[in-house]
Amino acid sequence: MATANVPDYLHPDSIRTGLSRRKMLDQVFVIVGLVLMFACLGVLAVLFMNLVLDGSERFGWDFFTNFPSRRAERAGILGAWVGTSLIMLVTAFCAVPVGVAAAIYLEEYAPKNWFTAIIEINVTNLAGVPSIVYGLLALGLFVYQFGLGQSIAAAGLTLALLILPIVIVATRESIRAVPKSIREAAYGLGATRWEVTKDHVLPYSTGGILTGMILGLSRAIGETAPIITIGALSFIAFLPSSPITSEFPFISFQWLNDPFTAMPIQMFNWVSRPDQAFQANAAAAGAILLGMTLLMNAVAIWIRYRFRKKINW
Amino acid sequence: MKLWHKLGASVFLTGFAAVAAPQFAHAQSVIKIDGSSTVFPIAEAVAEEFQISKKGKVRVTVGIAGTGGGFKRFCRGETDISNASRPILKEEMEVCAKAGIKYMELPVAFDALTVVVNPQNNWVKSLTAADLKKMWEPGAQGRVTKWNQVRSEWPAQPLMLFGPGADSGTFDYFTEAVNGKAKASRGDYTASEDDNVLVQGVENNKNAIGYFGYAYYIAHKDKMRAVPIVNPQGKEIGPSIAAVNDGSYNPLSRPLFIYVRDTAAARAEVKEFINFYLTDGAKLAEEVGYVPLPAEAYKVALKHFNDKKLGTVFGGVPEVGVTIDALLAREGKL
């Protein structure tokens with residue numbers, strides 16, 4: 001009989017018990033994973049709820065439309081949220097085109113040699129440089145050398161430098177994920193390198209590029225050290241000049257040169273105040289800053305979703 | 001990408017127009033202030049009230065680069081007024097002199113460094129300068145770790161020290177006053193640049209002792225006890241507005257200053273601002289937890305300002321325990 005020679009571990013019963021044990025381990029892993037994920041989300045939720053509860057008495061239209069004040073209940077974040085929004089605008093406009101262009105060059109055009117290898121290593125290393133170092137660099141370069149002064153432009157450029165490596169790395173990853181066959185098919189039809197990049201590689205990698213941009217901007221929006229270094233203010237009771245004017249040519253870029261403050265600086269200032277009433281302001285500002293980040297993420301996810309729908313390979 | 005930009009710009013511009021548009025005004029004169037974060041609450045209060053009184057015709061900005069960082073910008077001519085929690089130092093005077101920046105030094109308020117213990121601490125009734133030195137001098141590091149090592153009648157409980165970090169002007173002044181040399185301190189204590197962390201440390205720890213600015217004590221006085229300090233005349237004096245004003249809370253009270261550039265002071269709006277500062281500043285300083293100068297001192301300071309009395313009365317060397325009258329009577333030096 002053949003079955004007599006079958007070793008024990010190949011016996012249907014032992015295979016069955018082995019299988020169910022392995023399936024159980026699988027289940028255990030799923031549960032552990034779920035628990036860990038909810039733990040992370042829970043911490044974030046608790047933090048957010050904590051901020052919202054602590055700052056609950058401050059939420060209101062006035063909080064968004066008031067300038068800082070020595071009285072906690074009168075102090076608002078108008079200068080801070082406008083400043084942060086403008087800085088993020090400058091940062092996005094500078095970091096994204098430069099970062100995406102650099103990534104396209106490195107992935108699609110650059111020859112693979114020791115020189116590009118050094119560039120690659122350095123780009124990755126730059127992502128790990130402490131933000132205060134960027135602040136010091138920007139103070140010397142943008143503020144004094146280029147004469148931008150303590151302005152929104154200087155702050156935006158500083159943060160753009162800071163997130164450039166993040167944008168480059170994320171863009172390269174998503175460009176690399178575009179299948180080779182797509183490129184080869186396009187080349188086969190006589191497309192040039194730029195046509196391949198523009199019509200195929202970029203549209204397919206937009207999702208990843210947006211993810212990189214959001215990661216970068218989310219980091220930039222919370223940075224305090226570099227913008228304090230380049231001279232952000234703590235008390236400023238007026239807004240940057242309006243980008244829209246009543247006189248020709250109706251658009252003004254004066255706001256780029258204006259002094260500013262930003263959300264994290266306003267928070268930092270309130271947290272370190274002796275008067276405990278300011279702790280509520282700090283909590284409320286923290287919740288709003290978190291809200292701004294989530295909103296930015298939501299917009300990017302929505303755009304990414306729309307782009308993904310258009311892709312059909 | 002295009003969509004994102006269009007969307008971002010339109011959301012942003014509508015939000016901007018809705019909330020912000022009415023507040024824009026034409027280009028105006030701006031008074032730029034930067035410097036010490038200790039002086040910041042006073043500067044902020046004065047700037048806020050001044051702007052309200054001028055109905056937005058003059059703009060004031062205040063930064064918190066720190067006393068040293070503030071002087072750096074001031075001596076480059078970037079700011080009109082520099083907040084300082086200590087007098088200008090020799091090196092900073094030289095930088096200013098090289099750049100041709102001349103200035104007036106005006107005291108605006110006092111800060112009383114307050115030594116606090118936990119309310120459950122029932123053994124410390126007062127502290128002498130010698131006690132403080134025993135606790136905080138560099139030589140105490142790793143050696144003085146129990147209360148009974150400071151005074152033998154105190155319990156053999158661990159001595160938990162809380163104080164500001166080495167970048168703070170409070171640290172500089174305290175070490176100068178207690179250990180005789182600025183920045184000379186033991187390093188094995190809980191240090192934080194955020195005074196609220198120190199407050200919590202003392203609140204939650206029976207064996208704790210710490211020091212920070214008077215404003216932080218006032219905000220938490222129900223949860224901690226300020227220790228009276230024995231002054232050079234041998235009296236035990238607790239921190240209070242009266243004790244600082246008559247000079248008896250000594251040596252831990254320090255004057256806070258603003259430095260005004262002479263060319264800025266020639267501008268009408270800066271003149272008005274300083275006038276406002278030195279007349280209405282007293283009640284604002286008190287409101288934010290600082291000790292105002294005696295009324296007479298503000299008058300003298302204002303007279304010095306109007307007479308364009310240039311320079312610092314310290315000659316670039318920090319001092320401890322100078323009375324405000326003695327300060328104002330001295331001649332300035334650039």
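Helices α5(A) and α6(A), the latter covering residues 152-176 of chain A, pack at an angle of about 135°, with their axes 9 Å apart. Helices here are DSSP runs of H or I with at least four residues, strands are runs of E with at least two, and both are numbered from the N terminus. The axes are lines fitted to C-alpha atoms, for helices over the stretch in contact, and angles run from 0 to 180 degrees between N-to-C directions. That angle makes α5(A) oblique to α6(A), given that under 35 degrees counts as roughly parallel, over 145 as roughly antiparallel, 65 to 115 as roughly perpendicular and the rest as oblique.

So who touches whom? On the α5(A) side you'll find A:Ser131, A:Tyr134, A:Gly135, A:Leu137, A:Ala138, A:Phe142 and A:Val143, and these meet A:Ala154, A:Leu157, A:Thr158, A:Leu161, A:Leu162 and A:Pro165 of α6(A); contact means heavy atoms within 4.5 Å. The split is 10 nonpolar, 3 polar and no charged, where Ala, Val, Leu, Ile, Met, Phe, Trp, Tyr, Cys and Pro count as nonpolar, Asp, Glu, Lys and Arg as charged, and the others, Gly among them, as polar.

A quick word on the model: it is predicted, with local features needing pLDDT of at least 70 and side-chain atom pairs pLDDT 80 or more, while totals for chains, interfaces and linings use all residues. Residues are numbered from 1 along each chain as its sequence is written, chains are lettered from A and ligands numbered from 1 in the order written, and side-chain values use heavy atoms, leaving out hydrogens and water.

Now for the empty space. On a 1 Å grid over the protein atoms alone, a cavity is a set of points where a 1.4 Å probe fits but cannot get out, a pocket is an open set with protein on both sides within 12 Å along at least five of seven lines, and lining residues have an atom within 4 Å of a point. Grid points are joined across faces, edges and corners, and a volume is the space filled by probe spheres set on the points.

The largest pocket holds about 1,300 Å³. Of its 49 lining residues, B:Ser37, B:Ile64, B:Ala65, B:Gly66 and B:Thr67 are the closest to its centre. Helix α3(B) gives the largest share of that lining, 6 residues, and the whole lining divides into 16 nonpolar, 19 polar and 14 charged.

There are also 3 cavities of 30 Å³ or more, and the largest has about 110 Å³ of space. Strand β4(B) supplies the largest share of its lining, 3 residues.
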